[in-house]
There are 2 protein chains.
Amino acid sequence: MKVLIVFAHQEAQSFNAALLARSVAELTALGHTVRISDLYAMRFNPVATSDDFGARRFPDRLQYDREQKYNLQQGALSGDIAAEIEKLLWCDLLILQFPLWWFSVPAIMKGWIDRVFVNGAVYGAGRRYDTGGLAGRRAMVVTSTAAYPGMCAPDGLVGALDVVLWPIQNGTLAYAGCKVLPPFVSYSVNFVDEATRHRYLDGYAERLRRIETTEPLFFHPLADFGEDWRLKPGIAAQTVGQGKPASR
Amino acid sequence: MKVLIVFAHQEAQSFNAALLARSVAELTALGHTVRISDLYAMRFNPVATSDDFGARRFPDRLQYDREQKYNLQQGALSGDIAAEIEKLLWCDLLILQFPLWWFSVPAIMKGWIDRVFVNGAVYGAGRRYDTGGLAGRRAMVVTSTAAYPGMCAPDGLVGALDVVLWPIQNGTLAYAGCKVLPPFVSYSVNFVDEATRHRYLDGYAERLRRIETTEPLFFHPLADFGEDWRLKPGIAAQTVGQGKPASR
């Protein structure tokens, strides 16, 4: 497989850097091709502005998503965005690796999504979820937490993991058309001992060995929704976002 | 009240800019004092790096949250962060106003949270939720969507609004100690007519007139959780994050 790892950690001595190195070694040994977008090292600009556009369809008033589509068509997106889109469309598997900050991705990765998941290629004109622009690809969240595992339990202090990750796993990766694999989470990395951190590294390598056959998470396809954009009568909610409680 | 509005939109001609202007006029007329952090206009830097720290407790390996605490104590945080912390601790009401991008805040606002919600002032040493550093303050999400209202219904295509906003409302604002007021959402702003947009403006002004007496959303206090960080036996989940289904 062609694997793109988008990586957001500043520190070469970090656990996340060790996890990245292990994944590259494992994936390469398995015969996969790996490319990395190391966002801090690239000094990736996460701020979406009119500077992203070499052309303007609506010069008087910035409408960011509409200019994304127009500039994609015109080949006028800024070079850093175009380069990331090329990597994104190249890959079969997209891995987002980041420390969980405020129940979400760090700003530098949010900006990668804001600027690279462009209207016209990744979504748009009704294409989303199973008809999204990244359909046929797999994607996976790889994250580390300060929180203990119990805090991310279905009735835990910070909330069920599938609720916490809903905006990323459903709202971004599944929305764009990816099949989303279960996340790989290294809990409370700063508080566990060295042996536990090694178990995390080994556990991730094991996950990667099964990456092509791992069953994706379920998200409702477009066909499950009616013209009012709500689940059709008779379709039972199978996700926390559509009303299924996290099992306790 | 002292109101801090953190605002993330690039375009002075936007609906969001009109909403901001209306809120400032309304709040001022009501006798409140308003300060604004207009993030794009400030060219706010959202990327958390070692440049944020004038001193280092752990020079060999960047541990961002631990350096936040140390640099806060030493008065060595970078000037742009210190200025925002001053505003944050000044306010009685924090409003985060942004267009909903990928079920979340734009990167520039995520970076404001990452860098300004510092360990040692906003949270830390066990202080969080009802014991968080911002306890006594109110907070509110004010957002606009491309999505139609039905899509954000409890069984809608993008998911229940309280699931979508869980990382911001629970994981950030409530975690920090704020009482979180119900969000004000302007749906599908680019697709509705002018009259509807005016109704949104009027609706927001009406919400602001009741801002001091509006009942906050419920989030479980720390005392509801046991030593395993899960809801104690007998405590019924009242939030989507802890297992209550969104009502359909």
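Author: In this predicted model, contact means heavy atoms within 4.5 Å.

Reader: How many residues of chain B are in contact with chain A?

Author: Contact is counted here between the residues of chain B and those of chain A. On the side of chain A, 65 residues take part, and on the side of chain B the number is 65.

Reader: Which three residues of chain B supply more of the area that chain B buries against chain A than any other three?

Author: The area buried between the two chains is about 5400 Å², and carbon and sulfur atoms give 62% of this area. Of the area that chain B buries against chain A, 16% is supplied by three residues, more than by any other three: Trp102(B), Leu157(B) and Trp229(B).

Reader: Which residue of chain B meets Arg230(A) in a salt bridge?

Author: Between chain B and chain A the count is two salt bridges. In one of them, a distance of 2.6 Å, N to O, separates the side chain of Arg230(A) from that of its partner, Asp155(B).

Reader: Which helix gives the largest share of the side of chain B that touches chain A?

Author: There are 26 residue pairs in polar contact between the chains, both at pLDDT 80 or more. The elements of chain B that give two or more residues to this side are helix 4 (107-116), helix 5 (161-164) and helix 6 (166-174). The largest share, six residues, comes from helix 4 of chain B.

Reader: As by what kind of axis are the two copies related?

Author: A turn of 180 degrees, with a shift of 0.0 Å along the axis, lays chain B on chain A with an RMSD of 0.0 Å. The two copies are therefore related as by a two-fold rotation axis.

Definitions and conventions:
Residues are numbered from 1 along each chain as its sequence is written. Chains are lettered from A and ligands numbered from 1 in the order in which they are written. This is a predicted model: local features need pLDDT of at least 70, side-chain atom pairs count only at pLDDT 80 or more; totals for chains, interfaces and linings use all residues. Side-chain values use heavy atoms; hydrogens and water are left out. Buried area is the accessible area (1.4 Å probe) that two parts lose on being put together, summed over both. A salt bridge is a side-chain nitrogen of Lys or Arg within 4 Å of a carboxyl oxygen of Asp or Glu. A polar contact is a pair of N or O atoms within 3.5 Å; within protein, one must be able to donate a hydrogen and the other to accept it, and residues adjacent in sequence count only if both atoms are side-chain atoms. Helices (H or I, at least four residues) and strands (E, at least two) are DSSP runs, numbered from the N terminus. Copies are superposed by least squares on the C-alpha atoms of residues with pLDDT of at least 70 in both.
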